[in-house]
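Here is a short tour of the structure you have in front of you. Keep the view open as you read along.

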Amino acid sequence: MLFYDFEIFIYDWLVVILDMDARKEHVIINDPDQLKAFYEAHKDDIWVGFNSRDYDQYILKSILLDFNPKEVNDWIIVKDKPGWRFSNLFWQIPLNNYDVMPNPPIGLKTMEGMMGNDIKETSVPFDIQRNLTPAEIAETVKYCRHDVEQTVEVFLERKSEFDAMMQMCQVFKMPLSYLGKNSLSTWKGWLRIEQQT
């Protein structure tokens, strides 16, 4: 199981991934080839994020497709459009994504406060009009790592929901990609298809 989070700037991007099975951290900075190799080695794993259903999975897919992740970021954040509408090519990249964000949505910083944890904000502006300095990259990695660690904590607090979804996938022989579905109608549609066969 992988826990991940992206940070996107105009000229830089990075991702922190915690591989819980290997007990190893991976930090990838501005290196699409390294990210592609990592994805290929782990595309059958479960990728866990906070708001990854609406954001991080599309940033990941954009880099894998050689798109500019900043354009996808702005499509989602600035233009307030759903990530899946940016490109039909996103559907061609399989990803077993599980989003720990509660429904109705609550921000990660709010969740951190509710769990009694320190709320960390980055001092590096996301709209900075130049490449980040090495010190700013280091600060952003630290901030991103904290968010991934908090995502792990949220997951552990809400693990019973994940276990229930995994059980449904196993019992009804659903693909793991259904972990990323937040729509009950999607699950019901799958069950109707299974009952008819």
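## A residue in a loop

Where is the place of Phe172? In this predicted model, Phe172 sits in the loop that joins helix H6 (159–171) to helix H7 (184–196). Phe172 counts as partly exposed because its relative accessibility is 34%.

Phe172 also has company on the surface: together with Met168 and Val171, Phe172 makes up a nonpolar patch, and the three share about 240 Å² of accessible area.

## A buried tryptophan

Now turn to Trp47, which belongs to strand E4 (residues 46–49). With 0% relative accessibility, Trp47 counts as buried. Beyond its neighbours within four places in sequence, Trp47 touches a list of residues including Leu2, Tyr4, Ile17, Phe38, His42, Leu60 and Tyr98.

Met1 is another residue to find here: Met1 and Trp47 are 46 residues apart along the chain, yet their C-alpha atoms are separated by 6.2 Å.

## The whole chain

The protein chain contains seven helices and five strands, in the order β-β-β-α-β-α-α-β-α-α-α-α from the N terminus. It has 197 residues, and 47% of them count as buried. Among contacts with a separation of 6 or more, 59% are between residues 24 or more positions apart. The accessible surface is about 10700 Å², with 52% of that belonging to carbon and sulfur atoms.

## How far to trust it

The average pLDDT of the protein chain is 87, and 83% of the residues score at least 70. Residues 183–188 have a pLDDT below 50, and this stretch has eight contacts in the model beyond near neighbours in sequence. Where pLDDT is low, please don't read the predicted coordinates in detail.

Terms used
Residues are numbered from 1 along each chain as its sequence is written. This is a predicted model: local features need pLDDT of at least 70, side-chain atom pairs count only at pLDDT 80 or more; totals for chains, interfaces and linings use all residues. Side-chain values use heavy atoms; hydrogens and water are left out. Patches are made of residues with over 30% relative accessible area and no salt bridge: like charges are joined within 9 Å, nonpolar side chains (Val, Leu, Ile, Met, Phe, Trp, Tyr) within 5 Å. Accessible areas come from the Shrake-Rupley method with a 1.4 Å probe; for residues, only the protein chains shown count as cover. A salt bridge is a side-chain nitrogen of Lys or Arg within 4 Å of a carboxyl oxygen of Asp or Glu. Helices (H or I, at least four residues) and strands (E, at least two) are DSSP runs, numbered from the N terminus. Buried means under 20% relative accessible area, exposed over 50%, partly exposed in between (1.4 Å probe, protein chains only). Contact means heavy atoms within 4.5 Å. pLDDT is the predictor's confidence in each residue, from 0 to 100.
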